[in-house]
Each structure stands twice: as structure tokens, then as C-alpha cells.
Amino acid sequence: MSDFRQAQWNEPILFELGHKGRRGYIVPEVEKPIKQEVGDVYTLLPEKMRRKSLPKLPELSEVEVVRHFTRLSQMNYSVDLGLYPLGSCTMKYNPRISDFLASLPSSTQLHPYQDEETVQGILELLHTLSKWLAEITGTKEVSLQPAAGAHGEFLGALIMRAFHELNDDLDKRTELIIPDSSHGTNPASATMAGFNTLVVPSDKTGCIDIDALQAAVSNRTAGLMLTNPNTLGIFEENIQEIAGIVHDAGGLLHYDGANLNAILGKVRPGDMGFDIVHINIHKTFGTPHGGGGPGAGPIGVSEQLEKFLPVPRIVNDGKSYRLDYERPHSVGKIRSFHGNVSVLLRAYAYILSLGAEGLKEAAEISVLNANYLVKKIRDLGAYELPYDAKRPRKHECVFSVKSLSKETGVRALNISKRLLDYGIHAPTTYFPSIVEEALMIEPTESFEKEELDRFVQALRIIAEEAKANPELILNAPQNTSVARLDEVKASHPRTMLLSWNAYVKRNV
Ligand SMILES: Cc1ncc(COP(=O)(O)O)c(C=O)c1O
């Protein structure tokens with residue numbers, strides 16, 4: 001294994017680095033208003049709207065800023081550095097052409113309050129993207145507004161509410177069913193939308209237990225939320241039967257699109273029987289994400305649910321594109337303007353550059369890579385593949401280190417930390433919760449065989465280390481810029497100081 005050492009800079013924050021009076025860029029004074037093609041656009045604000053004092057910003061030269069962020073980036077790990085097998089998160093390569101398109105002034109210099117006639121280009125682009133997504137998912141119409149997968153789930157649940165309300169059925173239909181392998185956001189979204197969640201267990205093959213589902217549905221069922229392939233990477237082959245059971249009970253089916261990468265161009269959620277489909281654009285269509293953003297979670301719906309989609313809808317009346325707010329059954333507005341447009345533009349570029357065949361190939365290679373890892377990791381003997389090991393996985397696989405852990409005291413978390421020492425990002429750990437000591441691995445299509453082999457080699461060395469010197473793993477990582485962070489503290493809003501002002505206030 002090649003040596004990996006992350007840079008360790010004791011980097012101050014920009015405010016601490018700055019010096020009074022230092023400048024990076026000086027904006028030239030503009031004396032006369034500039035007349036532009038569309039109306040009068042003034043580059044100077046009228047006197048009465050201008051600030052009286054300068055904003056409190058750090059004062060630095062350009063090169064200081066560049067060095068600051070370069071040093072920070074050296075202490076980070078990214079998908080541009082190497083394997084990032086974070087299961088369910090689909091950390092694939094983010095093509096530069098997508099970044100290029102999203103940063104063109106023709107989109108970045110637009111304002112969402114501009115007149116519709118002046119933004120026909122971007123409206124056309126977003127409209128086209130929504131049509132492509134409808135085609136890919138097998139749905140009738142798509143809204144691009146949700147800002148993340150979880151937001152798409154929430155919107156899906158709101159649409160279920162609106163549907164049952166229109167049928168005068170909402171008082172009764174209070175339950176949203178989810179499988180026990182589902183992502184935590186599924187029950188959270190359902191609860192936020194006012195439903196009670198009902199959890200159905202998986203059977204020994206890792207799929208929904210059909211008998212348990214039969215027993216769970218009733219006239220209280222509002223719907224079911226499901227990802228397919230599921231979070232074990234296993235395709236729910238009984239999906240049409242599942243859809244039939246839920247529909248017969250009067251419920252709707254929501255597809256959690258987190259795992260769409262596995263089936264792109266192969267099979268469509270709409271054809272499986274789903275009525276609502278959200279797409280984690282940032283995963284499947286390769287836009288930069290992680291650390292909480294940015295994302296986009298467009299949702300597609302069947303014909304009967306189209307009327308509930310959020311406003312405004314981008315429509316084409318044959319001559320031009322316009323925003324339609326006249327939707328009496330719409331659930332309303334769920335995000336400002338048209339959604340996270342820079343992420344949507346990257347997805348547009350991704351789909352356009354790969355084309356239908358390319359998307360299908362991406363899915364095929366992602367599945368091939370996952371199954372290559374299944375074989376290689378199982379051969380190591382230290383990692384177990386629970387749930388029907390003979391069945392091929394789709395885009396991801398979930399291993400358990402239960403036995404290794406019992407034998408050595410080294411747990412899944414420790415193995416994940418030790419992988420960092422070998423220059424590999426940790427897999428998702430302890431998810432899905434139905435697998436004890438879980439390592440959830442999703443290689444995606446973006447990594448070469450050599451990189452996958454390096455990962456397997458690291459897992460082999462770690463299993464040996466666990467037996468010979470468990471302390472080494474329990475104290476990992478040692479080669480990274482920071483070692484063990486206090487994860488509870490780091491995610492606690494009261495201990496996080498998210499702005500300089502908050503920091504100053506706390507320290508006076
Ligand atoms: C299976 C599954 N569903 C839903 C989500 C939520 O998606 P997002 O992070 O875009 O909100 C995730 C996120 O990782 C996921 O893995």
C-alpha cells in the first residue's frame with residue numbers, strides 16, 4: 001500500500017488571517033448607470049439604499065485567500081482524490097464539463113425575478129431537464145423544486161396527503177409504511193408530513209416480507225415509501241406484487257431515488273408501479289455533494305397526481321415558456337424560485353454528455369464494480385455478507401464485521417477510521433440498521449479496477465492488523481490532518497459556531 005499522509009496546517013480562519021486595509025480586488029467606481037439590452041440596469045445603488053458603514057469582512061490579499069483555501073483543501077478528502085465508497089451516497093466523479101456549464105454567465109448572471117421573456121433560455125433548459133427526468137423515471141411530470149432527496153420525500157408525502165384529502169379520505173389514511181432497511185429520512189419525512197410510520201420487516205433474503213406487508217396494509221394506509229434496489233443493494237423482485245398490495249389497499253407508492261444509479265436506463269420506477277418518484281440528482285447525475293449540500297431532489301409523479309405538484313410549473317404554450325401559478329390543487333410552494341438551479345444545470349450537462357446509452361453503461365459498470373467487490377471482499381474471509389450471499393448485488397453491498405469484532409474487539413467504526421490511514425474514504429458505517437456492525441460499500445462506476453483492488457488490499461491488511469495489533473486500529477486514524485472528532489459535539493447546534501459574529505460574541 002502506498003503511503004498516505006494528509007497535510008496538517010494549523011490554519012487560522014480568514015478573520016484571524018486578515019490585516020486592516022489589505023485588499024484583494026478593488027471594484028471600480030461606476031459613474032454612469034449602464035444601459036443594458038433589457039431595461040435600465042444600474043450598477044450603483046441609489047444613495048439612500050447604500051450602507052453607511054463598511055461591512056465587517058476579513059481584509060486579505062487575493063494570494064492569501066488562495067493559499068488559505070489550498071491549505072484547507074489539503075486537509076480534506078474528496079472524490080477527486082480517490083475512492084469514496086460511501087454506500088447509499090453515490091459519490092461518483094463530478095465531470096468538469098458540468099461545472100463549466102453551471103458557471104457560465106448566461107445562467108449565473110440571471111435573476112429569478114427577471115421578466116419571463118428575458119429568461120427563456122434557462123426556462124427551456126429546466127423544462128427539458130424535467131422532461132428527461134420524467135422519461136428516465138417513467139413518470140408523467142416532474143417538479144425540480146425540492147432541494148434534496150429528503151425534501152423530495154417530504155413533498156411526496158405532502159402529495160399523498162393532498163391526494164387522500166381530495167378523496168375525502170385523509171382523516172382515515174394516517175399511516176405511511178416503510179421497510180426496516182429504509183434510510184432515516186424516510187420515517188422523518190413521513191412524520192413531518194403528519195403521518196404515523198409503520199415499519200415492515202425484511203425477510204431472510206433481505207427484501208420486504210410480503211406476508212408482513214399484507215398484514216400491515218389496511219384502510220389506514222396512505223402509502224409506502226421504498227427504495228429499489230434497497231439499501232442492501234438487493235433488487236426487490238416482488239415489486240409489482242408489492243405495488244399491487246399497496247394500491248389494492250388504496251395507498252400510493254413513493255420511490256426513494258437514492259439508489260436510481262443502479263437501474264438507470266434498465267428499469268423505471270414508474271413501470272414498477274410507483275406513483276411518486278424522487279431523484280437525488282446530486283448522487284445519480286454526478287454533482288458535487290457531501291457535508292450537507294448542495295443538492296436537488298426533483299420529484300416525478302403519475303398523471304393522476306400531476307395537479308398536486310408545487311407551483312410555479314414551467315409550461316410551454318407553443319410559443320414561449322412561462323411560469324404557471326394557476327394550479328388550484330397544488331400543494332403550494334416548497335422552495336424559493338426554481339430549486340437549486342446550479343445543481344440542476346450540472347445534471348442537465350451530465351445527462352446530455354452521457355446520452356441514453358451512456359447512462360445505461362454507468363448503471364452497468366456501477367453494478368459490475370459492486371459485484372467485483374462482493375467477490376473480492378468475501379474471499380478475504382474476515383467480512384461476512386448477510387442476506388442471501390448467492391444473490392447478486394446491484395450498485396452497493398453491505399458487509400458485517402460482527403465476527404471479527406467479537407474476536408478482536410475492533411468494530412466497524414474502527415475499520416472505517418483505519419481505512420482513512422490508507423488514503424481511502426470510509427464506507428457508510430452502521431447503516432442499514434438491520435445489519436450488525438455494517439459496512440455499506442458503494443464503489444460507483446467512477447473508479448478503476450486498480451483503485452478497487454487497492455481498497456480490497458487495505459481491507460485485507462486491516463483484518464490482519466485487527467488480529468495482530470487491535471490497538472493500532474482502535475487508535476486510528478494517525479495519518480490524517482485530524483484524528484477522532486467528537487461526532488456528537490460536532491453535530492450539536494449549540495456547540496457549533498457557524499459565524500464569526502457568533503464566535504466573537506462567545507469569546508467576549
Ligand atoms: C436511501 C436514502 N434515502 C434518502 C436519502 C436522503 O437523501 P438526501 O441526502 O439527498 O436528502 C439518502 C441519503 O443518503 C439515502 O441514502
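**In helix 5, Leu125, Leu126, Leu129 and Trp132 meet Leu344, Ala347, Tyr348 and Ile351 of helix 12.** This is a predicted model, in which local features need pLDDT of at least 70 and side-chain atom pairs count only at pLDDT 80 or more, while totals for chains, interfaces and linings use all residues. Residues are numbered from 1 along each chain as its sequence is written. Contact here asks for C-beta atoms, placed from the backbone, within 7 Å. Sorted by class, this contact has 8 nonpolar, no polar and no charged residues (nonpolar: Ala, Val, Leu, Ile, Met, Phe, Trp, Tyr, Cys and Pro; charged: Asp, Glu, Lys and Arg; polar: the others, Gly among them). Helix 5 and helix 12 pack at an angle of about 60°, and their axes are 10 Å apart. Axes are lines fitted to C-alpha atoms, for helices over the stretch in contact, and angles run from 0 to 180 degrees between N-to-C directions. Helix 5 and helix 12 are therefore oblique to each other (under 35 degrees is roughly parallel, over 145 roughly antiparallel, 65 to 115 roughly perpendicular, and the rest oblique).

**Helix 12 also packs with helix 15.** Take a look along residues 341-380 of helix 12 and residues 449-468 of helix 15, whose axes lie 10 Å apart at an angle of about 25°. The two helices, 12 and 15, are therefore roughly parallel to each other. On the side of helix 12, Asn369, Tyr372, Leu373, Lys376, Ile377 and Leu380 make the contact, and helix 15 answers with Leu452, Val456, Leu459, Arg460 and Ala463. The residues of this contact of helix 12 with helix 15 divide into 8 nonpolar, 1 polar and 2 charged.

**Seven strands line up in an open sheet, in the order 1-7-6-5-4-2-3.** Helices (H or I, at least four residues) and strands (E, at least two) are DSSP runs, numbered from the N terminus, and two strands pair if DSSP finds at least two bridges between them. Pairing in this sheet is mixed. At its edges you will find strand 1 (141-143) and strand 3 (196-200), each pairing on one side only. Neighbouring strands of the sheet are turned by 25° against each other on average, direction ignored. Inspect strand 4 (residues 221-226) beside strand 5 (residues 252-256): they pair in the parallel sense over 4 bridges. Here Leu224 has Leu253, in strand 5, as its bridge partner.

**Helix 5 and helix 7 both meet the seven-stranded sheet.** Helix 5 (residues 120-137) packs on the sheet and touches strand 1, strand 6 (276-278) and strand 7 (299-301). The direction of helix 5 makes about 120° with that of strand 1. Helix 7 (residues 185-192), in turn, lies across strand 2 (175-179), strand 3, strand 4 and strand 5. Relative to strand 2, helix 7 runs at about 175°.

**Helix 6 packs against helix 7 with axes 8 Å apart.** The angle of the pair is about 40°, and that makes helix 6 oblique to helix 7. Gly149, Ala150, Glu153, Phe154 and Ala157 of helix 6 touch a set from helix 7, made up of Thr185, Asn186, Ser189, Ala190 and Met192. The residues in this contact of helix 6 with helix 7 divide into 5 nonpolar, 4 polar and 1 charged.

**The ligand sits among 14 surrounding residues.** The closest of them are Ser88, Gly149, Ala150, His183 and Ala258; a residue counts as near if its C-beta atom, placed from the backbone, lies within 6 Å. The shell around the ligand has 4 nonpolar, 9 polar and 1 charged residues. Two of these names, Gly149 and Ala150, may be familiar from the contact of helix 6 with helix 7.

**A second open sheet has 3 strands in the order 10-12-11.** Its pairing is antiparallel. Strand 10 (397-400) and strand 11 (428-429) stand at the edges with a single partner strand each, so one side of each is left without a neighbour in the sheet. Strand 10 and strand 12 (residues 438-441) are joined by 4 bridges in the antiparallel sense, and Val398 has Met440 of strand 12 as its bridge partner.

**Backbone details show up in three loops.** Between strand 11 and strand 12, the loop holds Pro432, and a cis peptide bond with omega of about 0° joins Phe431 to Pro432. Another cis peptide bond, again with omega of about 0°, links Ala476 and Pro477; Pro477 lies in the loop between helix 16 (470-474) and helix 17 (487-490). Finally, visit Asp168 in the loop between helix 6 (149-166) and strand 2: phi of Asp168 is near 60°, a positive value in a residue other than glycine.

How values were computed:
Two residues are in contact if their C-beta atoms, placed from the backbone, lie within 7 Å.
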